[in-house]
Structures are given as structure tokens and as C-alpha cells.
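Please look through the structure shown here. This report covers its sheets, its open and closed spaces, and its charged pairs.

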Amino acid sequence: MAEDAILGYLEKNDHISDSGQFAAERRIDHNEIVNVIKSLHGFKYVDAQDIKRETWVLTDEGKAYTATGSPEVQLFLAIPPEGISKEELQKKLDLSVFKIGCAQAAKNKWVEMGKQLVTRKIQHVDDKVKDLLLQIQEGQAINQDDIKALKARKLIVPQTWKGYSVKKGPNYAPKRKKVATDLTRENLQRGDWKEIEFKEYNFTAKGLPTEGGHLHPLLKVRQQLKDIFRQMGFEEMPTNNYVESSFWNFDALFQPQQHPARDSHDTFFLQAPSTTKELPEDYVQRVKQIHESGGYQSRGYGYDWKREEADKNILRTHTTAVSSRMLYLLAQKPFAPKKYYSIDRVFRNEAVDRTHLAEFHQIEGLVCDRGLTLGDLLGVLHEFFARLGMSKLRFKPAYNPYTEPSMEIFSYHEGFGKWVEVGNSGMFRPEMLLPMGLPEDVRVIAWGLSLERPTMILYGIDNIRDLFGHKVDLGLIKRNPICRLGL
């Protein structure tokens, strides 16, 4: 109906000057007219030019006053000729009408606000506000002073009206031709493709966005960290064994079998296969001895070490289990200094909340060389974290079963305005290194941190479940920016 009206009108007339007026005269919804004009313009049946007009429309308060009258008039009419007390007058009116009415009526000098009575100063008033609002509602023009007054009282707001002026286009026809969008098999069989008019291709139109894989924020930060380790001369350790024996995960690290971390409340134990069958027996005996009776100037823990505990299979609780394997292999050959790193998944039987998951990623670095000291560890930490963009570091003494001394690492976060814990560090104990067969003067310095914490800070994520796990929004994966750490 709207399309026939537009094309039919243009057949006998040069142009449509105002789509709004055109729609009103034919009692057609203006939005329908606008949609048809856009379609016809796209196929060049018509040329359309934008029209914009600033109009004023009533607010809900303004609409209410067109029915009930302005507050000042309502208040004036509620005052009897002999006057009325403020309390009685307030009972007759809504509270908002009373407050506004008092202010406006006093401003207009219609009433006398005495201490005892409110009385009329004049006997008759006209409701100019209501009349102006009705004029605006009917589309009539009013002067600028009245508009300012109504706008100040928030009775009207501006509204931009959009329409079109329309004239014939280069492809104008009184009736739209139905054009084909595809060449079909039937067209070729019938031969009617020669007469069919096809829709023109729009070579500038944007196609559907291409779908492709996207890197997760954790992968982006991990790659940056790998680049930093490589720049510092580190070699990546193999971390493909999520399942680890308790021996490599705990015992080889000089962690006693009664340690709370080895309890089922903190560690995931495997049911099948429940135990390992491959451990270096001579090394196992040396580890057993250091736990039970000590050695290398250590008293050990003085308890009955049990092989069945060491054989239990678990989901590794830290990548330090990989470090213990690598250091043992290093000890079986003529000694050569090494720098190792790993970034991979670990598992803890923890309650899930906004900052903790049962699985996360651990970053670990270690340096193995002769004569290393705590000063070397501090120097390497400053170098590593400076490359992450963390130049302000502090260290706090801590306890780990397999490092001594041990330190927690803190960095000052400019955004948070406070010191934030970023990792843990220490020097591996002789009770861990010497049973492996490493020379007595060899020291190992190491540190670790989670991958999730710096990623959450970099990407402004405050709930770890929004970063990792089955509840992650795929839109986040597609939209997240590239990662550039402070190299």
C-alpha cells in the first residue's frame, strides 16, 4: 500500500516534499513510508534526501498537566474566598502539586502566603501553562520565551524528527519490477534467463564476517612469558604428564608423607591405575634414608617412610614434579649448568570461588649451577619481573618443605595502589639435590607463579571463572586484545 502510494504519486507529480505530511494525508504509518522509501532508494527507483526537524514533546508530567491543569492553578482553585490554612490546603492536594503550586502561585503574585492563612490576591486566573502544553501537543508553534519556561520546568523535551523528501530516480517505474537474485537450473532449462532481469551485484557491500579460531587470553600471556624465558636463555621442560607419582611430586622434593598437602582434601588421587611401577630403585632408597634418618648434615624427619605412599598416582599438584625429574636426569650425566622453565596445568582439590579453581596453570623457572647464592636468585627475579613490567619488588621470608631460604615475591601495582603477591621462590634444599647425585657445590634457585593471576590483571577480569572453565563467554575469546608485556 505504501509503495503503490509513493510510486503512483510520483507518476503524476515531480516530488514528495515531506514524507511525514505525505503519510499523514494518506493515513499511513510514517515508519512504513520510511522503510519503503529506503528500499526504493536502494534500487534507484527514487532519490531521497534527509529531512530533520527539531520538535518539542511533552514529558509525562507535562501530559498530566494537560488533563488536570498546572499545579499553580490547582492550588489557586483549592483556596476558598475567605482563605485557608496551609495544613488544610495541603490535605486537598498531592504533596508535589502543593509544593510546586505554592512556589509558582507566589511567583505569579496570585496568592498571599500568610502565617495563618493562604488567601487569594486576585479572583480569576487563566491556566497559561496548560494552554501552551496543549498547543505543543497539537503541533502548534509557540514563542521561544514560553519554550524556555516550559523546558526549565521539565514539562517538555526536544525530539528530532527524521523524514525524507523524494523524487524520481534513474530506474523509476510506476510499478516495481520483480528482479531475480539467482540464476537457477530451471531458468537454464526453460531458456527464460535471456529475458529475466537480474538484481545488480553490490560489490561494495560487506560480506559476512569470516569465522576463525581465536587465541584465549591465557595462551597470549603464556606465549609472551615463553618469549621472555627464551630471551633469558632458558630451556623448556617437557610437561606432558598430568598424572604423576607421589614420589616425584612429593617425596623427591623432601616433602614428608604426613604433610597436609598430601591429604585427599588437597590432592586428587587416581583410582586406576592407582600406583606407579616405574621408579629408580637406588634413588628411591636414598630418598627413603634422607626422610627417615637424614644425611648430608640433615637430621631428616625421623619417621617410618612408606613405599606404598610414594607409589600412589595423583594429578600433579605443581610443575615442580617435572623439575625434580629433570634435575635427577641432569645428575646422571657429567654436570653442566642449566636453565629450565615450564608453563602448564596443575591440579588442586580446592573449593571453587572467584579466585580459585581446582585446576590452573603454573609458571616455573629454575637455574642450576655451581656456587649460586640468594643474591643470584634476587638478581634473576628482578630481571625476570622487570621484563613483565614489574620493576618494584619486595621479598618476604616464607616456608616451603623443599626450599631454604624461601621467599614470597610482592610487586607494587600502580592500578591497585598497593603491593600484590605475585609469586614464590627459594633455593632447593641439599636434602633434595644431593640424593639425586648432583655435586655438593651445585645449587638450584627457583621461582613460580600462576598464569591466571597476571592474565586477570592484564585483561581486567575479577572472577577466574570468567577466564577459565566451561562458563567462559566465547565473545571474550573473540574480542580480547593482543598481549604485550613490559618487555
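What follows is a short tour of a predicted model.

## The three-stranded sheet

One sheet is open and has three strands, in the order β1-β5-β2. The pairing is antiparallel. β1 covers residues 15-16, and β2 covers residues 46-58. Both stand at the edges with a single partner strand each, so one side of each has no neighbour in the sheet.

β5 spans residues 156-168. It pairs with β1 in the antiparallel sense, over two bridges. Within this sheet, H15 stands opposite K167 of β5. A helix is also involved: α3, residues 30-42, lies across β2 and β5. α3 runs at about 40° to β5.

## The seven-stranded sheet

A further open sheet has seven strands. Their order is β6-β9-β10-β14-β13-β12-β11, and the pairing is mixed. Its edge strands are β6 (235-236) and β11 (393-400), each of which pairs on one side only.

β9 and β10 are joined in the antiparallel sense over ten bridges. F347 stands opposite E359, a residue of β10. Helix α11, residues 217-231, packs on this sheet. α11 touches β6, β9, β10 and β14, and its direction makes about 165° with that of β9. Helix α18 lies across β10, β12 (403-413), β13 and β14. The angle between α18 and β14 is about 45°.

## A charged pair between strands

Side chains of opposite charge can pair when their charged atoms come close. How many salt bridges does the structure hold? The count is 22.

One of them joins the side chains of R345 and E359, at 3.1 Å from N to O. This pair links distant parts of the chain. R345 sits in β9 (residues 338-347) and E359 in β10, 14 residues apart. E359 is also the residue that stands opposite F347.

## The largest pocket

Rolling a probe the size of a water molecule over the atoms shows where empty space is left. The largest pocket holds about 1,400 Å³ of space. Its lining has 43 residues. Which of them lie nearest the centre? They are R348, F360, E421, L449 and S450.

Four elements give two or more residues to this lining: β10 (359-370), β13 (418-428), β14 (442-450) and α18 (452-459). β13 has the largest share, with seven residues. By class, the lining of the largest pocket has 16 nonpolar, 18 polar and nine charged residues.

## The second largest pocket

The second largest pocket contains about 490 Å³ of space. It is lined by 16 residues. Nearest its centre lie G42, F43, N171, K199 and E200. The lining of this second largest pocket divides into six nonpolar, three polar and seven charged residues.

## The largest cavity

How many cavities of 30 Å³ or more does a search of the whole structure find? It finds two. The largest cavity has a volume of about 70 Å³.

Its lining is made of L388, M390, E421, V422, L449, S450, R453, P454 and I457. E421, L449 and S450 are also among the residues nearest the centre of the largest pocket. β13, β14 and α18 are the elements that give two or more residues to the cavity lining. α18 supplies the largest share there, three residues. Six of the lining residues are nonpolar, one is polar and two are charged.

## The second largest cavity

The second largest cavity holds about 30 Å³ of space. Around it are D251, A252, F254, V287, I290, H291, E431, M432 and P435. Helices α13 (281-292) and α17 (430-433) each supply at least two residues of this lining. Which element gives the most? It is α13, with three residues. The lining of the second largest cavity has six nonpolar, one polar and two charged residues.

Notes
Residues are numbered from 1 along each chain as its sequence is written. This is a predicted model: local features need pLDDT of at least 70, side-chain atom pairs count only at pLDDT 80 or more; totals for chains, interfaces and linings use all residues. Side-chain values use heavy atoms; hydrogens and water are left out. Two strands pair if DSSP finds at least two bridges between them. Contact means heavy atoms within 4.5 Å. Axes are lines fitted to C-alpha atoms, for helices over the stretch in contact, and angles run from 0 to 180 degrees between N-to-C directions. On a 1 Å grid over the protein atoms alone, a cavity is a set of points where a 1.4 Å probe fits but cannot get out, and a pocket is an open set with protein on both sides within 12 Å along at least five of seven lines; lining residues have an atom within 4 Å of a point. Grid points are joined across faces, edges and corners, and a volume is the space filled by probe spheres set on the points. Ala, Val, Leu, Ile, Met, Phe, Trp, Tyr, Cys and Pro count as nonpolar, Asp, Glu, Lys and Arg as charged, and the others, Gly among them, as polar. A salt bridge is a side-chain nitrogen of Lys or Arg within 4 Å of a carboxyl oxygen of Asp or Glu.
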